[in-house]
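Visitor: I would like a close look at one backbone position here, and then at how its surroundings fit into the rest of the fold.

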Amino acid sequence: MKKETQLIAAGRSKKYTQGVVNPVLQRASTVVFDSVAEFKEAAKNRGNRALFYGRRGTNTHFALQEAIAELEGGAGCALYPSGAAAIANTLLSFVKAGDHILMMDTAYEPTRDFCDKVLSGLGVSTTYYDPMIGAGISELIQDNTRVLFMESPGSITMEVQDVPALVKVAKDHGLITMLDNTYGNGLQFRPLDHGVDISIQAATKYIVGHSDVMMGVSVANEQHWPTLREQSYLLGQCCSADDAYMALRGLRTMAVRLAQHEQAALTVANWISKHPLVDHVRHPALPTCPGHEHFKRDFHGSNGLFSVVMKEGNQAALDALVEALHHFKMGFSWGGYESLITTGLTMAPLRSVTGWAHGPIIRLHIGLENVDDLIEDLSQGLDVYAKVCAQA
Ligand SMILES: Cc1ncc(COP(=O)(O)O)c(C=O)c1O
């Protein structure tokens with residue numbers, strides 16, 4: 001079955017849909033049983049999609065979990081109330097006091113904060129590594145290293161990691177590997193196919209696709225699914241049936257949305273790369289993006305997210321650009337149908353071991369608007385940027 005077909009078919013067994021197209025919306029805390037035998041049977045199978053108690057999911061959740069596990073090629077999928085919760089709880093599920101983890105320097109900022117502000121307090125230490133380190137990661141492994149965490153491409157600066165090389169070293173040292181696959185979304189990159197143990201996504205982005213639900217998902221392979229499943233329950237993680245329903249609805253159209261995001265983003269990226277104010281574009285599908293060769297080898301496509309590195313600039317120019325744009329709204333997140341711009345509150349991205357020796361960086365999310373309108377908008381916004389730079 002091709003991926004697009006799988007997206008339509010997954011999680012739609014009659015058990016969940018009861019004969020209509022979409023799964024039933026089953027809201028529940030309490031599940032009631034007709035007999036002690038039925039209760040005991042449910043208790044026995046509660047880890048395997050049997051109705052037992054609302055926190056462990058209803059048929060709406062089970063349909064979504066089944067679909068996402070299939071999309072990512074894993075043994076099971078845990079649901080969380082946000083992407084940040086998925087990252088934090090997946091890490092917590094596999095570390096204990098005294099352990100050490102390896103985290104790339106280009107991690108999503110709240111992931112970094114979780115390591116520095118929560119894990120450190122629990123006695124788990126973190127070493128940040130250059131996302132382009134590849135097999136050189138072996139030099140950073142300690143006796144107590146437990147987890148190698150990846151995010152590819154990296155947040156804001158978009159470095160595409162050499163996942164197979166990193167995974168090989170991790171496996172040789174018995175580490176658990178996790179990857180924030182929010183960009184790769186399961187259609188464009190499947191970490192488990194490359195030997196990663198656990199793939200995490202902020203479903204808030206492309207899965208939901210409409211900027212109206214927060215959700216995180218974590219998909220593990222056979223070896224790690226039992227631990228991830230039990231730990232997510234022990235940590236009390238769950239989401240509402242309504243949100244699960246919305247995520248499943250988003251999933252059905254993800255392939256067509258992504259195709260449009262991809263085409264429009266490539267058009268904008270190619271146009272903006274030739275703009276006189278632009279130093280280079282960090283779009284994984286373009287050769288100017290660090291790790292482009294890994295992207296070409298491992299990914300099945302790109303989407304609406306990329307960054308632009310300016311030759312020069314200052315905070316006033318960045319602010320003026322954002323203010324001048326009409327179609328690009330200023331806001332966090334990405335993966336919805338709308339175009340967004342993030343210039344950062346400071347001039348350089350937060351990095352501790354790799355530094356940043358370039359001009360200001362602007363991240364764009366190209367939405368589903370007509371691409372000509374987007375280019376026109378950016379063009380007039382960059383004229384304003386140039387004027388403010390000239391005044392400095
Ligand atoms: C790469 C990445 N991972 C995780 C998250 C966190 O997701 P959420 O906002 O659902 O907590 C984000 C959000 O921007 C993200 O960009």
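Visitor: Where is arginine 49 found?

Guide: Arginine 49 is found in the loop between α3 and α4, where helices (H or I, at least four residues) and strands (E, at least two) are DSSP runs numbered from the N terminus. The model is predicted, with local features needing pLDDT of at least 70 and side-chain atom pairs pLDDT 80 or more, while totals for chains, interfaces and linings use all residues. Residues are numbered from 1 along each chain as its sequence is written, and side-chain values use heavy atoms, with hydrogens and water left out.

Arginine 49 has a positive phi of about 60 degrees, although this residue is not a glycine. On one side of its loop stands helix α3 (residues 36-44), which holds both glutamate 41 and lysine 44, three residues apart, or about one turn of the helix. These two residues form a salt bridge (a side-chain nitrogen of Lys or Arg within 4 Å of a carboxyl oxygen of Asp or Glu), and their closest N and O atoms are 3.5 Å apart. Over the whole structure, 14 salt bridges are found.

On the other side of the loop, helix α4 (residues 59-72) lies across β1, β6 (198-202) and β7, and runs at about 125 degrees to β1; such angles run from 0 to 180 degrees between N-to-C directions, the axes being lines fitted to C-alpha atoms, for helices over the stretch in contact, and contact means heavy atoms within 4.5 Å. The strands that α4 crosses belong to an open sheet of seven, ordered β1-β7-β6-β5-β4-β2-β3 with mixed pairing, where two strands pair if DSSP finds at least two bridges between them. β1 (76-80) and β3 (125-129) are its edge strands, each pairing on one side only, and neighbouring strands are turned by 20 degrees against each other on average, direction ignored. β1 meets β7 (residues 216-220) in the antiparallel sense over five bridges, and leucine 79 has valine 217 as its bridge partner in β7. Helix α5 (residues 83-92) also lies across strands of this sheet, among them β1, β6 and β7, running at about 155 degrees to β6. A second backbone feature is the cis peptide bond from serine 152 to proline 153, with omega near -5 degrees, and proline 153 lies in the loop between β4 and α7.

An automatic or database domain assignment gives domain 1 (3-252) and domain 2 (254-391), and their centres, taken over C-alpha atoms, are separated by 28 Å. The contact takes 44 residues from domain 1 and 41 from domain 2. About 3500 Å² is buried between the domains, 60% of this area coming from carbon and sulfur atoms; buried area is the accessible area (1.4 Å probe) that two parts lose on being put together, summed over both. Tyr183, Gln188 and Tyr206 of domain 1 lose the most area to domain 2, together 23% of what that side buries. Two salt bridges are counted between the domains.

A second open sheet has five strands in the order β8-β9-β12-β11-β10, again with mixed pairing. There β8 (278-282) and β10 (329-330) stand at the edges with a single partner strand each, so one side of each is left without a neighbour in the sheet. Strands β9 (residues 305-310) and β12 (residues 361-365) run antiparallel and are joined by five bridges, with valine 309 standing opposite isoleucine 361 in β12.
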